[in-house]
Amino acid sequence: MRDISNRTKAVTCQDAKVFTSDTDGTTVDRQGFESLMFVVNSGIEGDTLSGSVKFDFILEHSDDDSTFTAVTSSTDVTEGSVDSSGIFLTLDANGETPQTSQIGYIGGKRYARVKIDATGSHSNGTPISIQGILGNPIDSTDA
């Protein structure tokens with residue numbers, strides 16, 4: 001069958017909840033799939049976001065699901081870019097939320113995740129969820 005549900009698999013990396021501090025997302029194992037996309041959903045901020053009160057979203061990858069490093073080459077991603085720290089999204093101003101953002105990972109490592117880096121004091125927090133979408137299964141008979 002050629003519908004999208006037979007060619008993708010969704011993985012919850014961060015359940016939708018209010019975040020006030022740093023957290024590592026659940027790892028996505030790319031084995032058996034040729035592509036991966038992360039989708040970040042944010043709700044209305046609970047604190048006034050600024051350059052000193054913000055959330056950075058860092059794309060990380062690993063060969064062994066143990067030692068993660070930041071994805072720092074934009075040749076490893078699609079639908080966006082990463083900086084030298086692996087940051088692909090920063091929420092640092094009111095009005096940037098709510099929003100949905102995405103980034104594709106096409107790097108050569110088996111495991112990937114998104115780390116949330118909270119800077120400053122987030123007393124009320126911001127609702128965030130992150131999903132990983134695996135696509136193009138290797139063993140698919142649908143071409």
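Student: What makes the approach between the side chain of His 122 and the backbone oxygen of Lys 54 a polar contact?

Tutor: In this predicted model, a polar atom of the His 122 side chain lies 3.1 Å from the backbone oxygen of Lys 54. The cut-off for a pair of N or O atoms is 3.5 Å, and 3.1 Å is within it, so the pair is called a polar contact. The His 122 side chain also reaches the backbone oxygen of Thr 119, at 2.9 Å.

Student: Why is His 122 called buried?

Tutor: Its relative accessibility is 6%. Buried means under 20%, so His 122 counts as buried. As for its place in the chain, His 122 sits in the loop between S10 and strand S11 (126–137).

Student: Which residues is His 122 in contact with, leaving aside its neighbours within four places in sequence?

Tutor: They are Thr 20, Asp 47, Leu 49, Val 53, Lys 54 and Phe 55. Lys 54 is therefore a contact of His 122 as well as the residue whose backbone oxygen lies 3.1 Å from the His 122 side chain.

Student: Let's go to the charged pairs. How do you know that Arg 113 and Asp 24 meet in a salt bridge?

Tutor: The N to O distance between their side chains is 3.7 Å. The limit is 4 Å, so this pair qualifies as a salt bridge. Arg 113 belongs to strand S10 (residues 111–119) and Asp 24 to strand S2 (residues 23–24), so the bridge ties together parts that are 89 residues apart in sequence. S2 and S10 are also joined by two bridges and run antiparallel; across this pairing, Thr 23 stands opposite Ile 116.

Student: Are Arg 113 and Asp 24 buried or partly exposed?

Tutor: Arg 113 has 13% relative accessibility, and so counts as buried. Asp 24 is at 40%, which falls between the 20% and 50% limits, so Asp 24 is partly exposed.

Student: What makes Arg 113 and Glu 60 a salt bridge?

Tutor: Their closest N and O atoms are 2.7 Å apart, which is within 4 Å, so the definition is met. Arg 113 is in S10 while Glu 60 is in strand S5 (residues 54–62), so parts 53 residues apart in sequence are tied together. Because Arg 113 takes part in this salt bridge and in the one with Asp 24, the shared partner joins Asp 24, Glu 60 and Arg 113 into one network.

Student: Why is Glu 60 called buried?

Tutor: The relative accessible area of Glu 60 is 9%. That is under 20%, so Glu 60 is buried.

Student: How do you know that S5 and S10 pair?

Tutor: Pairing takes at least two bridges. S5 and S10 have nine, in the antiparallel sense, so they pair. In one of these, Ser 62 has Tyr 111 in S10 as its bridge partner.

Student: Which residue forms a salt bridge with Asp 29?

Tutor: Arg 110 does, with the closest N and O atoms 2.7 Å apart. Asp 29 lies in strand S3 (residues 28–29) and Arg 110 in the loop between strand S9 (99–105) and S10, so the pair links parts that are 81 residues apart in sequence. Asp 29, at 30%, and Arg 110, at 32%, both count as partly exposed. S3 also pairs with S10 in the antiparallel sense, over two bridges, and Asp 29 stands opposite Tyr 111 there.

Student: How many salt bridges does the structure hold?

Tutor: It holds five, among them the one between Asp 29 and Arg 110.

Student: What makes S1 and S7 the edge strands of the open sheet?

Tutor: The open sheet has five strands in the order S1-S11-S4-S9-S7, with antiparallel pairing. Strand S1 (8–19) and strand S7 (77–78) each pair on one side only, and that makes them the edges. Inside this order, seven bridges join strand S4 (residues 33–42) to S9, and Val 40 has Ser 101 in S9 as its bridge partner.

Student: Why does Gln 131 count as partly exposed?

Tutor: Its relative accessibility is 21%. Buried means under 20%, so 21% puts Gln 131 in the partly exposed class. Gln 131 lies in strand S11, and its C-alpha is 6.7 Å from that of Val 40, although the two are 91 residues apart in sequence. The Gln 131 side chain also makes a polar contact with the side chain of Ser 129, at 3.4 Å.

Terms used. Residues numbered from 1 in each chain as written. Predicted model: local features only at pLDDT ≥ 70, side-chain atom pairs only at ≥ 80, totals over all residues. Heavy atoms only, no water. Helix = DSSP H or I, 4+ residues; strand = E, 2+ residues; numbered from the N terminus. Buried < 20%, exposed > 50% of the residue type's maximum accessible area, 1.4 Å probe, protein only. Polar contact = N/O pair within 3.5 Å; in protein donor to acceptor, adjacent residues only side chain to side chain. Contact = heavy atoms within 4.5 Å.
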